[in-house]
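Q: I would like a close look at a single part of this model. Please take one strand and work outward from there.

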Amino acid sequence: MVPTPRAAALVAAGVVPVLLWPRWSTLWAWLALVVLGCLVDAALAAPPRGVRVRREVPASVRLGEPTTSTLTVAHPGPRVLRALVRDAWPPSAGASGNRHRVRVPAGERRRVRTSLVPTRRGDRPADQVTVRAFGPLGLAARQASLPAPATLRVLPAFASRKHLPSRLARLRELDGRAAVQLRGQGTEFDSLREYVIGDDVRAIDWRATARGGDVVVRTWRPERDRRVLLVLDVARLSAARLGDAPRLDAQIEAALLLGALASRAGDRVDLVAMDTQVRARVAGVHGPRLVGALASAMAPLEPSLVELRWTGVTQVVRDTLSQRALVVLLSALEPSAVTSGLLPVAQALSRDHTVVLASASDPEVEAMRRDRSSSEAVFDAAAAERGELERQAVAARLRRRGVEVVEAGPDGLAPALVDTYLALKAAGRL
């Protein structure tokens, strides 16, 4: 039994006269009457454990977007249910207005809705539903917590999709749907045209020139149906905070934007998320369903405090790819980790594939490098500058082994990566 504020008010109403005219027997009689009334009222309340609740939520929602949890309260008992229903969710689900007063006649049901605005990516399981059933006098209530399992999957925000229209326009140019035509190795033959000054002599079609009498060159277009493998690092380095979010979130944004652009280009995109083992995989999904599949697979990922096993990455690449492809490693350009992990396998990977390392840098370190406001800031700037020089040195070593290195801030990593992808297509390396 749970007393209500109305019962407390009745007790206070009996205490005040006794304080003015002390008659303790009257007070005890009044308290006994209130307690009896509460017991009777609780006994007349509909039993909350007999209530049936069902919770319905959408399969998924993007981070920061509003959605609704719909709770159906069914009352099969013979009495009217007067209740306060609490639709409980974890704080990161962003539930507001989750306490609902309902009046359900016998044998009927009611629906109540709770607004959700999630603040964290991942799976958000709902808690139990608490039903507090009041008696007809409102003096006391009976309470029970009932299971109503539901899980809301919060997808990444994909804020970088604002860069997609401009990159699609550049892709259409590379793909030959605009006036620009490309020449170079690794591309598909498109057509012939007359030679103009500045054309590469290696593009001259000598047979066509001999037949027609004019010098003609081949024009090319980027190949379609190429393979792109995204390797997402979810190990220790992905847990570093870059501003308000971990590095992993910036890597996820970059993977989503590149996957969306590459699928529009007709390429086949696969994803593998790894630390010491494979944590998520997307394969065999094409077309408009790809971005949704990538977002759903990466939504529940969280950084694990272990080192990335680069030999395992190499094995996964070999098992997944049977032909030359673009392998994008979404990890951190951390000198010690790269030297002990990626460098020994970089040359083998780049010999068989085009390899790109995409790393999100810390904007606070960049601000620290420029700060000269005090003697302490100068020492911090010197340490940050030394760290930058070490990263540049290890990036140069990776480039000598055939690995393209892309480094940008959390917000700039996704557009920088797709620009590199377009540049590789323009150069005929895909």
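How many residues of strand β15 (residues 227–233) are buried, and why is the strand described as enclosed or open?

A: This is a predicted model, in which local features need pLDDT of at least 70 and side-chain atom pairs count only at pLDDT 80 or more, while totals for chains, interfaces and linings use all residues. Residues are numbered from 1 along each chain as its sequence is written, and side-chain values use heavy atoms, with hydrogens and water left out.

Seven of the seven residues of β15 are buried, so the strand is largely enclosed by the rest of the structure. Buried means under 20% relative accessible area, with a 1.4 Å probe and protein chains only. Strands here are DSSP runs of E with at least two residues, and helices are runs of H or I with at least four, both numbered from the N terminus. The burial holds for both faces of β15: R227, L229, V231 and D233 lie on one side, and V228, L230 and L232 on the other.

β15 has pairing partners, where pairing requires at least two bridges found by DSSP between two strands. With strand β18 (residues 268–274), β15 pairs in the parallel sense over seven bridges. Strand β20 (residues 326–330) also runs parallel to β15, joined to it by five bridges. V231 shows both pairings: its bridge partner in β18 is V272, and in β20 V231 stands opposite L329.

L232 of β15 leads into the largest nonpolar core, which has 52 residues; L232, M298 and Y421 touch the most other members. A nonpolar core is a set of buried Ala, Val, Leu, Ile, Met, Phe, Trp, Tyr and Cys residues joined through side-chain atoms within 4.5 Å. Helix α5 (residues 247–264) gives the most to this core, with 11 residues. Leaving aside neighbours within four places in sequence, M298 is in contact (heavy atoms within 4.5 Å) with R121, L232, I252, A255, L256 and L271. A second, separate core of 28 residues includes L329, together with L308, V327 and L343.

L343 also takes part in a helix contact: P335, V338, T339, L342, L343 and A346 in α8 meet E390, R391, V394, R397 and L398 in α10. By class, this contact has seven nonpolar, one polar and three charged residues; Ala, Val, Leu, Ile, Met, Phe, Trp, Tyr, Cys and Pro count as nonpolar, Asp, Glu, Lys and Arg as charged, and the others, Gly among them, as polar.

Methods:
Buried < 20%, exposed > 50% of the residue type's maximum accessible area, 1.4 Å probe, protein only.
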